Amino acid sequence: MEPIVKMENVNKWFGSLHVLKDINLEVAPGEVLVIIGPSGSGKSTLIRTINRLEPIQEGRIVVDGVELNEDLRNVEAIRREVGMVFQQFNLFPHMTILDNVTLAPTKVRGLSKEEAERKAMELLERVGIADQAEKYPAQLSGGQQQRAAIVRALAMEPKIMLFDEPTSALDPEMIGEVLDVMRELARSGMTMLVVTHEMGFARDVADRVIVMDEGRIIEEGPPEEIFSNPKEERTKNFLHRILHH
Amino acid sequence: MRALAWMKRNLFNGVWNTLLTLVTAYLLYAVGRAILVWAFTEARWQVIPANFRLFMVGPFPPEAIWRVWVALAIFLALVGFTAGVVVRRRYLGTAAAVAGVLYLLAFPVLLPSSRLGLLAAAFAGGLAWLLAGSIAPRLARRLLAPVWFLGTLAAIQVLSGVPSQRWGGLLLTVIATFFAVVLAFPLGLLLALGRTSKMPVISLLSTLYIELVRGVPLVTVLFLAWIMVPLFVPEDFRVPQLVRGIAGFVLFAAAYLAEYVRGGLQGVSRGQWEAAWALGLSGFQTVVFIILPQALRAVIPALIGQVIAIFKDTSLFVIIGIMDLLSMAQVVLSNPKFLGLEREVYLFVMFVYFLGAASLSFLSRRLEAAMGLGKR
Ligand SMILES: Nc1ncnc2c1ncn2[C@@H]1O[C@H](COP(=O)(O)OP(=O)(O)OP(=O)(O)O)[C@@H](O)[C@H]1O
Ligand SMILES: [Mg+2]
């Protein structure tokens, strides 16, 4: 099958800092890809190049058959198909949860307010926070906020979802509720790229794990292989550190 | 008992504090007593009712005064409609009570026709409020901008039956403040966005303008605008004094507003931009729906502070010969009948300015509280 995300020889620099080095990556439709690696290895930067929150200096990125380029309309078109969930939620604090969720469908997709709200309520119901729809983000717990942020992205009916450490800012007792939503999403066939330190989640849900270090993909494979039988010394060290901290 | 304990704790704890309290109390007593005695025995307050019309509308021709009432009715209707859409009910009681007290205070000095005019205008406001409450909230919200636009045009059209040279007093002060704010606001927004823009020329020009204006006194900008504006229009077209005056305020206030807004823009985290972009919103949509609302909310107190400053600073109109509230004081005092009544007249003018500024400041705090809900 045609890959839905394809990166070819991608290189990126921040000034003189070389943060992505010769990245080659293909993601199949419906695949769940987990990205792990030490801090500063370029995981966030990698997934942020896919919706062009970060431009690249070398290489090609093709998303859903469209190559990313400078053209703003092209970039906005890609962003409509790619949802993103951030570590800090980044809900819009001046809007209710319902308005957060319906904003993009009405303004970008041109849905009617009624239609957008009906769909929003369905999704909020699905993640268990329909009763919070009229509240403002600050009135919700961290776990509820992150679920709302996932719904906000899903409301655009994206083909691909990017997650950048979605549970790292949460209190431990709230991590489970967010991971459950992501599990369900994975089962429903969504293409997902997930940066996370939740190894349990990776083991259960990932089709493939890639390990990054110093801007390179140093190892990749099915989760059981990466976790029980890593080939690279650096992968072993990294796994050792996060599993026995 | 509790009051005593409080006093002991806060006013008389220690020798120095006790001394300070006593001295302050004595000073307050002496000054307050002197003022009160003067106000109730010596002061000749008749000068205020005798010139009330002059203070309120200046040389506006009495036979055309209905135009003021119609304009006021339109304005209050706009305010009422807006209140019906955005303000919660419990503040309306406060507003109505304040309006009622002011009305009763002014009642004795008003002509019978004015009493009626004021009532009618207030009635229009109430009606508009009811109307706003009775139509669908979403529709009412959508109507706000066009209603204000058309209403303002209509009010000005009605007032324009009398040439603007004959507008004066509080009427003129309010009109000048209103237009200075309404016009300075968009200009300030553009300057703020310009200064934070990534395009170097735009950013440089905006910065230059802002710093230049902030570096000179208001009086100089006023004079300059007053002299310059006629140069930009065809020679045989006479620009009214008032427009030239307002132009100066707009140019001046925009620079300050821009800096407040810029502060607000910088307070919005990068994550907000990214979340909006990631959803596919365009740059323009991101600014309008996500960034500006948050930036403006954060600086509402500063923005209203600027509005209050404009309201008070219109008193500088005195120097370019526009007949605002303060210059009416001079007109009254130059009348031989009212010689030597400076204290009465200026105290009254101060009181009017204070009332205006205090209600704006009250509004600001209410707005902040109402919008605080959406803050992180
Ligand atoms: N906007 C930026 N400007 C300059 N350098 C940056 C910027 N963003 C990231 N970097 C640098 O690029 C490198 C990769 O950062 P990135 O955030 O992708 O790492 P990461 O793997 O996500 O790390 P973490 O686990 O800490 O989130 C780091 O050295 C970081 O300091
Ligand atoms: Mg990261």
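1. In this predicted model, A:Ile97, A:Asn100 and A:Val101 of helix α3(A) are in contact with A:Ala148, A:Val151 and A:Arg152 of helix α5(A). By class, this contact consists of four nonpolar residues, one polar residue and one charged residue.

2. The two helices span residues 97-107 (α3) and 142-154 (α5) of chain A; they pack at an angle of about 25°, and their axes lie 8 Å apart. Because angles under 35 degrees count as roughly parallel, α3(A) is described as roughly parallel to α5(A). The handedness of the α3(A)–α5(A) crossing is right-handed.

3. Helix α5(A) also takes part in enclosing a cavity. The count of cavities of 30 Å³ or more comes to one, and the space in the largest cavity is about 50 Å³. Its lining is formed by A:Gly83, A:Met84, A:Phe86, A:Ala149, A:Arg152, A:Ala153, B:Ala275, B:Ala278 and B:Leu279. Two or more of these residues come from each of β6 (82-85) and α5 of chain A and α13 (270-278) of chain B.

4. Which element provides the largest share of the lining of the largest cavity? Helix α5(A) does, with three residues. The lining as a whole has seven nonpolar residues, one polar residue and one charged residue. A:Arg152 belongs to this lining and also to the contact of α5(A) with α3(A).

5. The second largest pocket has a volume of about 1100 Å³. Of the 31 residues that line the second largest pocket, B:Lys198, B:Trp273, B:Trp277, B:Gly283 and B:Val287 lie nearest its centre. Two or more lining residues are given by each of α2 (72-81) of chain A and α9 (169-196), α12 (241-267), α13 and α14 (283-298) of chain B. By class, the lining of the second largest pocket divides into 17 nonpolar, five polar and nine charged residues. Helix α13 of chain B contributes to the lining of this pocket and to that of the largest cavity.

6. Helix α12(B), one of the elements lining the second largest pocket, packs against helix α10 (residues 200-214) of chain B, where the axes come within 9 Å and cross at roughly 115°. The two helices are therefore classed as roughly perpendicular to each other, and the crossing of α10(B) and α12(B) is left-handed. From α10(B), the contact involves B:Tyr209, B:Ile210, B:Glu211, B:Val213 and B:Arg214; from α12(B), it involves B:Leu251, B:Phe252, B:Ala255, B:Tyr256, B:Ala258 and B:Glu259. Its residues divide into eight nonpolar, no polar and three charged.

7. Helix α12(B) also packs against helix α11 (residues 218-228) of chain B, with axes that come within 8 Å and cross at roughly 135°. That angle makes α11(B) oblique to α12(B), and the crossing is right-handed. On the α11(B) side, the contact is made by B:Leu218, B:Val221, B:Leu222, B:Ala225 and B:Trp226; on the α12(B) side, it is made by B:Gln241, B:Arg244, B:Gly245, B:Ala247, B:Gly248, B:Phe249, B:Leu251 and B:Phe252. By class, the contact of α11(B) with α12(B) has nine nonpolar, three polar and one charged residues.

8. Which residues of α12(B) take part in its contacts with both α10(B) and α11(B)? B:Leu251 and B:Phe252 appear in the contact with α10(B) and again in the contact with α11(B).

Definitions and conventions. Residues numbered from 1 in each chain as written. Chains lettered and ligands numbered in written order. Predicted model: local features only at pLDDT ≥ 70, side-chain atom pairs only at ≥ 80, totals over all residues. Heavy atoms only, no water. Axes fitted to C-alpha atoms, helices over the stretch in contact; angles between N-to-C directions. Helix = DSSP H or I, 4+ residues; strand = E, 2+ residues; numbered from the N terminus. Parallel < 35°, antiparallel > 145°, perpendicular 65-115°, else oblique. Left-handed = near helix turned anticlockwise from the far one by under 90°. Contact = heavy atoms within 4.5 Å. Nonpolar A, V, L, I, M, F, W, Y, C, P; charged D, E, K, R; others polar. 1 Å grid on protein atoms, 1.4 Å probe; cavity = no way out; pocket = protein on both sides within 12 Å on 5 of 7 lines; lining within 4 Å. Points joined across faces, edges and corners; volume = space filled by probe spheres on them.
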